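Let's take a walk through this structure together, one neighbourhood at a time. Please keep the model open beside you as you read.

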Amino acid sequence: MTKETIDAETILKRATPLAHQQAPEIQPFGHLVRMPIALSDNACKESVVNLNQLLADTITLRDLYKKHHWQVAGPTFYQLHLLFDKHYDEQNELVDAIAERIQLLGGVSIAMAHDVAEMTLIPRAPKGREEVPVQISRLLHGHEIVLKEARTMARLAAEGGDEGTNDLIVSDVIRRNELQVWFVAEHVVDSARKDP
Ligand SMILES: [Fe+2]
């Protein structure tokens, strides 16, 4: 029996990561695979489309919180700096829950910033810094867009028999957004104002 000798170059080739690989997508965006979860194709399709819109708006609202966390100014800097980051973290949890529900329904969740920018209904914020009441108005508008579409989507999911999506939207998205609206909106109440 002859002993095979392998030179160093051959050994190194085997240990080198095969980077820069390319292949066609395994699932194109907008197409669903069938998952064994006892839901009709139509129910899954409708929920995936709606959840992707909700995802785009939730990612945008989440990122708006981080922008304001960094750029806030004024006497309420510290409390708003902390509050905005707390809401960012909570929105980030919603982002993950929505995206994973899209996948478990057999869909493809949007993920990248350029796709989010194309889809979101929340108006684009400027690159520069804005004062606190404007930051808060912008956040409240974003929340209201999310809440309005979420209520419609929850109703449609329930009508289609997709109770899981209904529950996610009602129990997590709507309740969390409503609570955040309260915490943010109270900062722009001017209780000392004297009406003429
Ligand atoms: Fe930070």
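Which residues does N50 touch, not counting residues up to four places away in sequence? Before answering, please keep in mind that this is a predicted model. N50 touches M153 and L156 once those sequence neighbours are set aside. You will find N50 in helix α2. Its relative accessible area is 19%. Since buried means under 20%, N50 is therefore counted as buried.

From N50 we can turn to the helix that carries it. Helix α2 spans residues 41-71, and it packs with helix α6, residues 163-185, at an angle of about 25 degrees. The axes of these two helices are 13 Å apart. Angles under 35 degrees count as roughly parallel, and so α2 is roughly parallel to α6. The crossing of α2 and α6 is left-handed. If you want to see the residues that build this contact, display S47, L51, L54, L61 and Y65 on the α2 side. Facing them from α6 are T165, L168, I169, V173, N177, Q180 and V184. Sorted by character, the residues of the α2 and α6 contact comprise 8 nonpolar and 4 polar ones, with no charged residue.

Now let's move to another helix pair. Helix α3, residues 77-104, and helix α5, residues 132-159, have axes that come within 13 Å of each other. These axes cross at roughly 20 degrees, and α3 and α5 are therefore roughly parallel to each other. Here, too, the handedness can be stated: α3 passes α5 in a left-handed crossing. On the α3 side, the contact is made by L80, F84 and Q91. On the α5 side, V132, Q135, I136, L139 and H143 take part. In the contact of α3 with α5, 5 residues are nonpolar, 3 are polar and none is charged.

While α3 is in view, have a look at N92, which has its place in this helix. N92 has a relative accessibility of 32% and counts as partly exposed. How far apart are N92 and L51 in sequence and in space? They are separated by 41 residues in sequence, and their C-alpha atoms are 15 Å apart.

Next come the charged side chains. Side chains of opposite charge can pair when their charged atoms come close. In this model the count comes to 8 salt bridges, and three of these pairs are worth a visit in turn.

Begin with D41 and R34, whose side chains meet in a salt bridge with an N to O distance of 2.5 Å. D41 is partly exposed, with a relative accessible area of 48%, whereas R34 counts as exposed at 59% relative accessibility.

Then there is R101, which forms a salt bridge with D162; their closest N and O atoms are 2.9 Å apart. R101 lies in helix α3 and D162 in the loop between α5 and α6, so this pair ties together parts that are 61 residues apart in sequence. Are R101 and D162 buried or exposed? Both of them are buried.

The third pair is E178 with R151, and here the closest N and O atoms are 2.7 Å apart. Because E178 lies in helix α6 and R151 in helix α5, the pair ties together parts that are 27 residues apart in sequence. E178 counts as partly exposed at 37% relative accessibility, and R151 is likewise partly exposed at 39%. Elsewhere, K86, E90 and R176 are joined into one network by salt bridges that share partners.

Our last stop is the backbone of a loop. Most residues other than glycine have a negative phi. Which phi does H20 have, although it is not a glycine? Its phi is positive, at about 55 degrees. H20 is found in the loop between α1, residues 8-15, and α2. A38 has a positive phi of about 55 degrees and is not a glycine either, and A38 is found in the loop between α1 and α2. As for their surroundings, H20 is exposed, with a relative accessible area of 81%. A38 is exposed as well, with a relative accessible area of 82%.

Key:
Residues numbered from 1 in each chain as written. Predicted model: local features only at pLDDT ≥ 70, side-chain atom pairs only at ≥ 80, totals over all residues. Heavy atoms only, no water. Axes fitted to C-alpha atoms, helices over the stretch in contact; angles between N-to-C directions. Helix = DSSP H or I, 4+ residues; strand = E, 2+ residues; numbered from the N terminus. Parallel < 35°, antiparallel > 145°, perpendicular 65-115°, else oblique. Left-handed = near helix turned anticlockwise from the far one by under 90°. Contact = heavy atoms within 4.5 Å. Nonpolar A, V, L, I, M, F, W, Y, C, P; charged D, E, K, R; others polar. Buried < 20%, exposed > 50% of the residue type's maximum accessible area, 1.4 Å probe, protein only. Salt bridge = Lys/Arg side-chain N within 4 Å of Asp/Glu carboxyl O.
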